[in-house]
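Here is a walk through one chain, from its overall build down to a few residues worth a second look. Have the viewer open as you read.

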Amino acid sequence: MKIELVKSNDPRLKKVCEEVVDFENKQFYLDLINQIKNLCIEQYAFAAAAPQFGINKRFIVLVSAVEKKVSNIEELQQFKDHYETTVYFNPRITLMRGLTYYYEACMSTGEVIGKVARPYYIEFDYQDIDGNDHHSSAEGFEARCFCHEIDHLDGIEFLDKASDITYHADLNKRIEIRNKFPQKTISEDCEFDQGEIYPEFRTKVYIKR
Ligand SMILES: [Zn+2]
């Protein structure tokens with residue numbers, strides 16, 4: 001199956017995705033993951049989620065979940081050799097704390113960038129490609145990437161919760177904005193309050209398995 005990027009406003013990006021249960025189809029997933037990884041690298045994306053390719057399944061691919069402090073596209077290109085891919089099936093956040101801000105973008109929304117609050121630290125359950133259960137944690141920029149992608153699995157896009165949005169922001173403009181406003185950590189351990197966000201757009205938190 002050849003993947004194709006689904007753009008914002010497509011109803012497939014608004015759906016709650018289904019749990020992955022067919023771990024016996026490993027080759028099918030490996031092929032998808034490889035294509036998703038290549039597209040992320042091509043588009044300088046940090047990560048992606050299955051519904052962005054019209055795949056109604058709960059898995060996310062983190063390709064380069066580190067903040068890249070660069071001042072132009074040439075500098076950004078130098079990171080391409082250092083990408084490391086991790087995949088999470090059926091990820092469920094079980095704990096969020098702290099507060100950070102960053103100007104997010106998304107392959108599906110294209111040339112749009114906006115400020116989003118995310119937790120500094122998260123804990124989560126997930127399954128690997130063989131269906132084995134794991135519990136792990138992430139902090140800082142990686143936690144942000146994780147939250148952005150897991151939101152996609154629940155039909156939530158970053159624009160549903162962003163402020164200070166700039167449209168028609170090409171890659172140069174996005175680099176400029178992020179250069180001026182790198183990820184800012186307000187607190188590493190405060191309660192992550194989603195009270196300001198519409199209930200349907202809040203990142204879901206589950207009880208640990
Ligand atoms: Zn996205």
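## A look around the fold

Val 112 stands opposite Tyr 167 in strand S7. That pairing is a handy place to start, but a word on the source comes before the rest: what you're looking at is a predicted model.

Let's zoom out for a moment. The chain has four helices and eight strands. Reading from the N terminus, the order is α-β-β-α-β-β-β-β-α-β-α-β. The C-alpha trace spans about 45 × 40 × 30 Å along its principal axes. How does the radius of gyration sit with a compact globule? For 209 residues such a globule would come out near 17 Å, and the chain has 16 Å, which agrees.

Other whole-chain numbers fill in the picture. Buried residues make up 52% of the 209 in the chain. Take the contacts with a separation of 6 or more, and 77% of them are between residues 24 or more positions apart. On the outside, the chain exposes about 10,500 Å², with carbon and sulfur atoms supplying 46% of that area. As for charge, there are 27 positive and 36 negative side chains, and the centres of the two sets lie 2 Å apart.

Now back to the strands. Strand S3 covers residues 86-106 and pairs with S4, residues 110-118, in the antiparallel sense. Six bridges hold that pairing, and the two strands form a hairpin with three residues between them. At one of the bridges, Cys 106 has Gly 110 in S4 as its partner. S4 also runs antiparallel to S7, residues 163-167, with three bridges joining the two.

S3 has another partner too: it pairs with S5 in the antiparallel sense over six bridges. Here Arg 97 stands opposite Tyr 121 in S5. S5 in turn pairs with S6, residues 133-139, in the antiparallel sense over seven bridges, and Asp 125 stands opposite His 135 in S6. S5 and S6 form a hairpin with five residues between them, and Gly 131 in the turn has a positive phi of about 90 degrees.

Here are those antiparallel pairings side by side:

| Strand pair | Bridges |
|---|---|
| S3 and S4 | six bridges |
| S3 and S5 | six bridges |
| S4 and S7 | three bridges |
| S5 and S6 | seven bridges |

Is S5 enclosed or open? Six of its seven residues are buried, so S5 is largely enclosed by the rest of the structure.

Just ahead of S5 comes Tyr 120, in the loop between S4 and S5, which itself covers residues 121-127. Tyr 120 counts as buried because its relative accessibility is 12%, and the cut-off for buried is under 20%. What does Tyr 120 touch, leaving aside neighbours within four places in sequence? Its contacts include Arg 97, Gly 98, Leu 99 and Thr 100, along with Ala 138, Glu 139, Gly 140 and Ala 143, and then Thr 185, Ser 187 and Glu 188. So Arg 97 turns up twice in this tour: it is in contact with Tyr 120, and it stands opposite Tyr 121. For scale, Tyr 120 and Gln 78 are 42 residues apart in sequence and 27 Å apart in space, C-alpha to C-alpha.

Arg 178 is another one to click on. It lies in helix H4, residues 171-180. Is this arginine buried or exposed? Arg 178 is buried, with a relative accessible area of 18%. Not counting residues up to four places away in sequence, Arg 178 touches Phe 46, Tyr 102, Tyr 103, Glu 104, Ala 105 and Ile 113. From Arg 178 to Thr 85 is 93 residues in sequence and 23 Å in space, C-alpha to C-alpha.

Last stop: the backbone. Most residues other than glycine have a negative phi. Tyr 44 has a positive one, near 60 degrees. Tyr 44 lies in the loop between helix H1 (26-42) and strand S1 (47-49), and at 18% relative accessibility Tyr 44 counts as buried. Asp 164 also has a positive phi, near 50 degrees, and its place is in strand S7, the strand that S4 joins through three bridges.

Key
Residues are numbered from 1 along each chain as its sequence is written. This is a predicted model: local features need pLDDT of at least 70, side-chain atom pairs count only at pLDDT 80 or more; totals for chains, interfaces and linings use all residues. Side-chain values use heavy atoms; hydrogens and water are left out. Two strands pair if DSSP finds at least two bridges between them. The radius of gyration is taken over C-alpha atoms; the globule rule is 2.2 Å times the number of residues to the power 0.38. Buried means under 20% relative accessible area, exposed over 50%, partly exposed in between (1.4 Å probe, protein chains only). Contact means heavy atoms within 4.5 Å. Accessible areas come from the Shrake-Rupley method with a 1.4 Å probe; for residues, only the protein chains shown count as cover. Lys and Arg count as positive and Asp and Glu as negative; His and the chain ends are not counted. The place of a charge is taken as NZ of Lys, CZ of Arg, CG of Asp or CD of Glu.
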